[in-house]
Structures are given as C-alpha cells and as structure tokens.
Amino acid sequence: TPLLFAFPPAGRMNFKNMREYLAWLYYQYLLITGIYVLEPWEKSIFNSVLFSAIAMVVYTSYVFVPIHVRLALEFFFENFGGQPESTMALMN
C-alpha cells in the first residue's frame, strides 16, 4: 500500500523530505503574508517586528495568564462555592 511507504522506518529520519517540507512551509509563509515581493532588508525588518511581537505575546501569556486564571477561580469559588461560616452572620 502507498501509505506504508510515505513514512520513514522507525529510528531513521529522512532529512531530505524534512528539508523540503520546511522549505514548503517557509514558501507558504511568504505567500500568505505577502512578503515575497519585498526586498531582503525589508523582509528582515518585517520578520524581526513580527517575531518580536509574537515573542512578547507568548511571554506575557506565560507570565500573566496563570495569575488571572487563579484570581478568577478564587473569585468564583468565594462567591458561588461554599456556605457561609455561620447563619448568625446572615441575621446580623
């Protein structure tokens, strides 16, 4: 069957196919973003700005999202999670 021959045997890596696949991904990136029409120095500036922005988003997500999730969970568990400590607090 052709599907069996599509993948390299276990333990071996076909670098030619990997290189062609990465080249194809880069070509798709150039086409989708439209930077294939830019000059090399413009491409490098565009890529630097784009990857810097992505790195900042990933870093701030890594640092701040867990804090906000924890605060949100504390808020919801505090408001909807438990019973009051005593019924006397409700009467006062």
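**A walk through a three-helix model**

The protein chain in this predicted model has 3 helices and 0 strands.

User: Happy to start simple: which pattern does the protein chain follow along the sequence?

Analyst: Good place to begin. The chain contains 3 helices and 0 strands. Read along the sequence, that gives the pattern α-α-α.

User: What percentage of the residues of the protein chain count as buried?

Analyst: Here, buried means under 20% relative accessible area. The accessible surface of the chain comes to about 8,700 Å², and 70% of that surface belongs to carbon and sulfur atoms. Of the 92 residues, the share that counts as buried is 4%.

User: Is Asn47 buried or exposed?

Analyst: Let's place Asn47 before judging it. Asn47 sits in helix 2, which covers residues 40–80. Leaving out residues up to four places away in sequence, Asn47 touches Tyr29 and Ile35. Its relative accessibility is 14%, and because the cut-off for burial is 20%, Asn47 counts as buried.

User: How far apart are the end C-alpha atoms of helix 2, and what should its residues span?

Analyst: Helix 2 has 41 residues, and at 1.5 Å a residue they should span 60 Å. The computed distance between the end C-alpha atoms agrees with that expectation. Expected span and end-to-end distance are therefore 60 Å and 57 Å.

User: Where does helix 2 bend, and which proline follows?

Analyst: The bend in helix 2 comes to about 35°. A proline follows within four residues of the bend. The bend is at Phe64, and the proline is Pro66.

User: Which side chains meet in a salt bridge?

Analyst: Side chains of opposite charge can pair when their charged atoms come close. The count for this model comes to 1 salt bridge, with a distance of 3.0 Å from N to O. Both partners lie in helix 2, 4 residues apart, about one turn of the helix. They are Arg70 and Glu74.

User: And how accessible are Arg70 and Glu74?

Analyst: Both values fall between the 20% and 50% cut-offs, so each residue counts as partly exposed. The relative accessible area is 43% for Arg70, and for Glu74 it is 42%.

User: Which residues form a nonpolar patch on the surface?

Analyst: One member, Leu25, lies in helix 1, residues 15–33. Leu25 is partly exposed, with a relative accessible area of 35%. Together the patch residues have about 490 Å² of accessible area. They are Met18, Tyr21, Leu22, Trp24 and Leu25.

Conventions: Residues numbered from 1 in each chain as written. Predicted model: local features only at pLDDT ≥ 70, side-chain atom pairs only at ≥ 80, totals over all residues. Heavy atoms only, no water. Patch = residues over 30% accessible without salt bridge, like charges linked within 9 Å, V, L, I, M, F, W, Y side chains within 5 Å. Areas by Shrake-Rupley, 256 points an atom, 1.4 Å probe, with all protein chains shown as cover. Salt bridge = Lys/Arg side-chain N within 4 Å of Asp/Glu carboxyl O. Helix = DSSP H or I, 4+ residues; strand = E, 2+ residues; numbered from the N terminus. Buried < 20%, exposed > 50% of the residue type's maximum accessible area, 1.4 Å probe, protein only. Contact = heavy atoms within 4.5 Å. Expected span 1.5 Å × (residues − 1). Bend = angle between axes of the 7 residues up to and from the residue.
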